Amino acid sequence: MCIRDSYPGVGELDLLVKRLDPLSESRIRFSAFSQLILPSSSLDANLMRSRVPTYSALRPGDLPFSLETQRQFAALLRLLLTQEASIEATKRRITAKRNYSFYDAFDLLDSRHKGYLSLIH
């Protein structure tokens, strides 16, 4: 996978694929890619999904995005890969601590002791 003339590290890609591939097939399906790329706002995501491609008249070799859109998309992918690596490194540092229990960490967040986390009280 090439992102605007640069290649991400195998470790970064591996982390991203593992997070987005619940069936462990070493593949990122379009549905998972969509969750990764589309905005969290359902309104914005639905607007993006409803867009019809306007590049059907492209010549072979032409790219469907402007140079600026390509740069922004590449920056987004690099950020996602970097963040995934950073999150994994932090998880490893935390779990290496002898007095850390992820059950206690969940309990700390589950202040009402309901067995789940929710934005709704």
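Which residues make up the largest nonpolar core?

## Nonpolar core

In this predicted model, the largest nonpolar core consists of seven residues: L16, L20, A32, L36, L77, L80 and L81. Helices α1, α2 (30-37) and α4 each contribute at least two of these residues. Helix α4 gives the largest share, with three residues.

One member of the core, L36, touches L16, R19, L20 and L80, when residues up to four places away in sequence are left out.

## Packing of α1 and α4

Helix α1 spans residues 10-20 and helix α4 spans residues 67-95. The two pack at an angle of about 85°, and their axes are 9 Å apart. Angles of 65 to 115 degrees count as roughly perpendicular, so α1 is roughly perpendicular to α4.

On the α1 side, the residues in contact are E12, L13, L15, L16 and R19. They meet L81, T82, E84, A85 and E88 of α4. Sorted by class, this contact has five nonpolar, four charged and one polar residue. L16 and L81 take part in this contact and also belong to the core described above.

## Chain overview

The chain has five helices and zero strands, in the order α-α-α-α-α from the N terminus. It is 121 residues long, and 15% of them count as buried.

Among contacts with a separation of 6 or more, 50% are between residues 24 or more positions apart. The exposed area of the chain is about 10300 Å², of which carbon and sulfur atoms supply 57%.

Conventions
Residues are numbered from 1 along each chain as its sequence is written. This is a predicted model: local features need pLDDT of at least 70, side-chain atom pairs count only at pLDDT 80 or more; totals for chains, interfaces and linings use all residues. Side-chain values use heavy atoms; hydrogens and water are left out. Helices (H or I, at least four residues) and strands (E, at least two) are DSSP runs, numbered from the N terminus. Buried means under 20% relative accessible area, exposed over 50%, partly exposed in between (1.4 Å probe, protein chains only). Contact means heavy atoms within 4.5 Å. Accessible areas come from the Shrake-Rupley method with a 1.4 Å probe; for residues, only the protein chains shown count as cover. Axes are lines fitted to C-alpha atoms, for helices over the stretch in contact, and angles run from 0 to 180 degrees between N-to-C directions. Angles under 35 degrees count as roughly parallel, over 145 as roughly antiparallel, 65 to 115 as roughly perpendicular and the rest as oblique. Ala, Val, Leu, Ile, Met, Phe, Trp, Tyr, Cys and Pro count as nonpolar, Asp, Glu, Lys and Arg as charged, and the others, Gly among them, as polar. A nonpolar core is a set of buried Ala, Val, Leu, Ile, Met, Phe, Trp, Tyr and Cys residues joined through side-chain atoms within 4.5 Å.
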